[in-house]
Amino acid sequence: MTLSEVNSHVNDGYNGTAPDSPGGPQLRPQSLLLAFFGDHVLEEGPVCVYSGSIIDVLGRVGVGEQAVRSTLTRMVGRGLLQRQRQGRRMYFGLTPHATQILHDGRTRVWETSAVNDDWDGTWTLLGFSLPEAWQRQRHDLRSRLTWSGFGPLYSGLWIAPGRVDVSEIVAELGIAAHVKIFHACADAATDVDVMIRDTWDLETIAARYIAFENRWISHVGDTTLDPLATHLRLVAEWLGTIRTDPRLPVRHLPPDWPARSAEKTFRRLAEQTGEPGRRVAAELLETTPVQPS
């Protein structure tokens with residue numbers, strides 16, 4: 001069966017589309033590709049996926065062939081994907097670096113609640129002073145710290161709730177000599193509520209959750225959706241929503257904090273589309289084992 005025949009077969013029985021989330025974020029092709037590999041390749045072992053299959057899947061969420069091809073090439077250049085030729089066909093698989101990124105993302109999406117109910121009162125503080133010329137390292141450090149839940153208490157002192165292991169980040173960036181890490185509790189003289197409001201933009205974080213739920217709530221129970229495309233868009237957008245949420249202790253957040261409701265909507269839709277999407281993908285994707293290098 002050819003790729004086009006498979007595509008016709010898996011579309012038989014529904015005329016659905018993925019919600020285009022009017023007014024929602026413009027999801028980058030790389031974000032959708034990472035969601036695709038995380039959903040359908042990560043647990044399959046060392047395999048590569050035929051580029052035509054990837055183009056077909058991303059086409060279901062509105063990404064054109066040229067955009068997919070150029071994004072695949074860039075991801076190879078960034079060390080996220082490996083390329084493997086088989087005859088006249090090109091296949092793409094995950095590198096060890098991308099595999100680790102996707103495992104971390106999977107933990108954050110599926111195993112870690114967006115609401116921090118069990119905070120033990122401890123904080124992780126990281127102080128750094130990097131050479132002026134290390135602008136790239138400084139940017140990378142701040143990006144990685146943000147993903148790990150840190151916020152800037154002061155310019156060179158960042159803080160995150162709980163005991164956060166940042167040893168891997170420090171080692172990968174090669175900045176151990178310029179960083180000091182502490183675990184501590186706030187003194188009674190410190191108003192934690194005020195500190196949190198001063199360190200993190202709570203209104204922006206809350207607005208992302210509210211916008212996510214407003215875009216997706218009406219699709220719960222909608223059986224006309226394309227499950228594969230919807231699941232990819234849903235996961236990619238949810239990851240983008242939680243990426244900058246430091247999971248602050250709920251006891252120090254406004255009582256109507258919207259993360260819990262948004263997460264409930266996400267999980268209901270993910271359950272609704274996950275297994276049907278995997279069935280579609282199983283028929284659609286053409287894979288080959290990774291060849292020993």
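Hi everyone, let's start with one arginine: Arg106 is partly exposed, at a relative accessible area of 23%. Please keep in mind that what you have in front of you is a predicted model.

So what does Arg106 pair with? Its side chain meets that of Glu43 in a salt bridge, 2.7 Å from N to O. Arg106 sits in helix H5, residues 96-111, while Glu43 belongs to the loop between helix H2 (29-40) and strand S1 (47-50), so this pair ties together parts that are 63 residues apart in sequence.

How many salt bridges does the structure hold? The count is 10, and I'd like to show you two others from that set.

Let's move to helix H4, which covers residues 65-77. Here Arg69 forms a salt bridge with Glu65, and their closest N and O atoms are 3.0 Å apart. Both residues lie in that helix, 4 residues apart, which is about one turn. As for accessibility, Arg69 is partly exposed at 38%, and Glu65 is partly exposed too, at 43%.

My last stop is helix H6, residues 135-147. Arg136 and Asp140 both lie there, 4 residues apart, again about one turn of the helix. Their side chains meet in a salt bridge at 3.5 Å, N to O. And which of the two partners counts as exposed? That is Arg136, with 58% relative accessibility, because the exposed class begins over 50%. Asp140 is partly exposed, with a relative accessible area of 21%.

To recap: Arg106 and Glu43 tie together parts 63 residues apart in sequence, whereas Arg69 and Glu65 are 4 residues apart within helix H4, and Arg136 and Asp140 are 4 residues apart within helix H6. Thanks for listening!

Key: Residues numbered from 1 in each chain as written. Predicted model: local features only at pLDDT ≥ 70, side-chain atom pairs only at ≥ 80, totals over all residues. Heavy atoms only, no water. Salt bridge = Lys/Arg side-chain N within 4 Å of Asp/Glu carboxyl O. Helix = DSSP H or I, 4+ residues; strand = E, 2+ residues; numbered from the N terminus. Buried < 20%, exposed > 50% of the residue type's maximum accessible area, 1.4 Å probe, protein only.
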